[in-house]
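Student: Could you take me closely through the charged side-chain links in this model, and then set them against the strands that surround the rest of the fold? I would like the criteria spelled out as you go.

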Amino acid sequence: PNGREKFNMTTPRLKAKKQLCHGFRGDPEWANPIIVTRCDTEARPGYNSCKAHEYREEPEVLTQKIKMLADLIRKAKRCTAYTGAGISTSSGINDYASKAKDSKALQRPVLKTPLAAKPTLAHRVLAGLHKAGHLHHWVQQNHDGLPQKAGYPQYALNEIHGAWFDPSNPVVKMSGSLRDDLFAWMLKEEKQTDLCLAMGTSLCGMNADRVATTPAKKALKGKALGTVIVSLQQTKLDHLASLRIFATIDEVMEKLAAEMELDYDKQGVPYCYPRPTDKVFWGKRCYVSKAMPIVGRCYRSKNSKPQLYLCGSSYDALPPLEKENYVELEKPNKKENAEMVDVFDVPYDKNGKLLPEGKRDSMLRLDLREGAKIIMKYGSFEGDKGMVLGLNSQGHFQIALKHDVEKEYHHGQKHRPRSRRTMGRFMVEAAVNGQLDHLPFVNRTNDK
């Protein structure tokens, strides 16, 4: 259905109770969703899932559901997104539950590598919701880094099942266990969430599904706003939904952004740090914020020795008279820049632990240039040694690690002797800003 087609009562529809079609907050007068794809195969064989039939709302019903969704989001005190593979299918990354050959979710681009995927419209709208103060947390079952590429901050994202762009957080096998700190963080957010947006997930019995089920059950008792489930397929938790929407996630998010007059990235260019259009003063450290490099505007003291540097925001905070002691640098020194590209000062100690505020005069230097030696300081591979190999085609850092083949890693397998990992630039930005509790690794100063 394209929104212009009209359906009558003879159109094949989902035969189910109204609450399963619309959620317990839905209008029982709304028409049931239309069957658009039939498939008798289980969406997730071996799990607590439903048949892989796909459904869509009539345009008028979808409009009303979007209005209700926007109202719930505006009322929420602690809104959490809980997303599965379905949110990323339109980027070209495979999901698990789309089985039909004519599935609407299988209409997607072909990628040379999933690491090159670009954020979907849904990812970008969710990032916009966070920027506007409506979305407070995101529990991501996927590993693809698309929330961060959409501009969503690393510090508010729990990649509970592992991450392709965090070398300390490998993908968890079904036989593995969740990382302790990420599990504890998830439990904390589960208790605080009063509205969960469950999108693109089959909700088939994973431990992390508690992020959706807990606020849903609270809502049935009038103690929360509940859970909104968005997907083309049915789930076993539809009976708990406050609002149930059968549609593609991109369609729902696009209409939601319009309804809420939300400002979000409409271009879809993956976020990178630093941005290609930014001036970057490599090797220059702001003596107020302690950040290095300085990205954007850079100011140098006129008379002090040694010379002091300020980033744009630190300069802007100065009284007018003090600003006269600084001059803005028009562009970076090419020679100095070339020597210090991809070298960062970060507010962490030698073991990768975050330094407290007020004790950041001595920063840790993180050298991510090709050939730099590293040692893992956190996560599954703690203690393993490696080296920076350089940059991949998207500009993220490639890491080679050596592993102990006799060690049982938390993610569920004895590891091969060597592996390649990726460190996303958005991880580096979070480190520069002191937004990670721990660094995944630090540089080695010797080979011991």
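Tutor: Arg285, Asp345 and Arg365 are linked in a network of salt bridges, a salt bridge being a side-chain nitrogen of Lys or Arg within 4 Å of a carboxyl oxygen of Asp or Glu. The model is predicted, so local features need a pLDDT of at least 70 and side-chain atom pairs count only at pLDDT 80 or more, whereas totals for chains, interfaces and linings use all residues. Residues are numbered from 1 along each chain as its sequence is written, and side-chain values rest on heavy atoms, with hydrogens and water left out.

Within that network, the side chains of Arg365 and Asp345 meet at 2.9 Å, N to O. Arg365 belongs to strand E15 (residues 364–367) and Asp345 to strand E14 (residues 343–346), so the pair ties together parts that are 20 residues apart in sequence; helices (H or I, at least four residues) and strands (E, at least two) are DSSP runs, numbered from the N terminus. Asp345 is buried at 4% relative accessibility, while Arg365 is partly exposed at 45%, where buried means under 20% relative accessible area, exposed over 50% and partly exposed in between, using a 1.4 Å probe and protein chains only.

By the salt-bridge rule the count comes to 16, and two further examples can be set beside this pair. Asp181 forms a salt bridge with Arg179, with 2.8 Å between the closest N and O atoms; here Arg179 is the buried residue, at 11% relative accessibility, and Asp181 is partly exposed, at 28%. Asp71 and Lys75 are also joined by a salt bridge, at 3.1 Å from N to O. These two residues both lie in helix H2 (residues 59–75), 4 residues apart, about one turn of the helix. Asp71 is partly exposed, with a relative accessible area of 33%, and Lys75 is exposed, with 52%.

From the charged pairs we can turn to the strands, beginning with E6. Strand E6 (residues 195–199) is mostly covered, 5 of its 5 residues being buried. In a regular strand the side chains alternate between the two faces of the sheet. In E6 both faces are covered, with Leu195, Leu197 and Met199 buried on one side and Cys196 and Ala198 buried on the other. Strand E3 (residues 79–83) pairs with E6 in the parallel sense over 5 bridges, pairing being taken to require at least two DSSP bridges between two strands, and the bridge partner of Tyr82 in E6 is Ala198. E6 is also joined by 5 bridges to strand E7 (residues 226–230), again running parallel, and Leu197 has Val228 as its bridge partner in E7. Between these two strands the chain passes from E6 through helix H6 (residues 210–220) to E7 in a right-handed β-α-β crossover, a term that applies if, with the strands pointing away from the viewer, the path from the first strand over the helix to the second runs clockwise.

The structure holds 0 disulfides, a disulfide being a pair of cysteine sulfur atoms within 2.5 Å. Cys79 is in none, and the nearest cysteine sulfur, that of Cys196, is 7.8 Å away, which is too far for a bond. Both cysteines are buried, Cys79 with a relative accessible area of 1% and Cys196 with 0%.

A separate open sheet-level arrangement completes the picture: 5 strands in the order E19-E18-E17-E16-E20, with antiparallel pairing. Strand E19 (418–423) and strand E20 (441–443) stand at the edges, each with a single partner strand, so one side of each is left without a neighbour in the sheet. From one strand to the next the twist averages 35°; axes are lines fitted to C-alpha atoms, for helices over the stretch in contact, and angles run from 0 to 180 degrees between N-to-C directions. At the E20 edge, strand E16 (residues 373–376) and E20 pair in the antiparallel sense over 3 bridges, and Met376 has Phe441 as its bridge partner in E20. Helix H11 (residues 425–432) packs on this sheet, touching strand E17 (385–391), strand E18 (397–402) and E19, where contact means heavy atoms within 4.5 Å, and the direction of H11 makes about 65° with that of E19.
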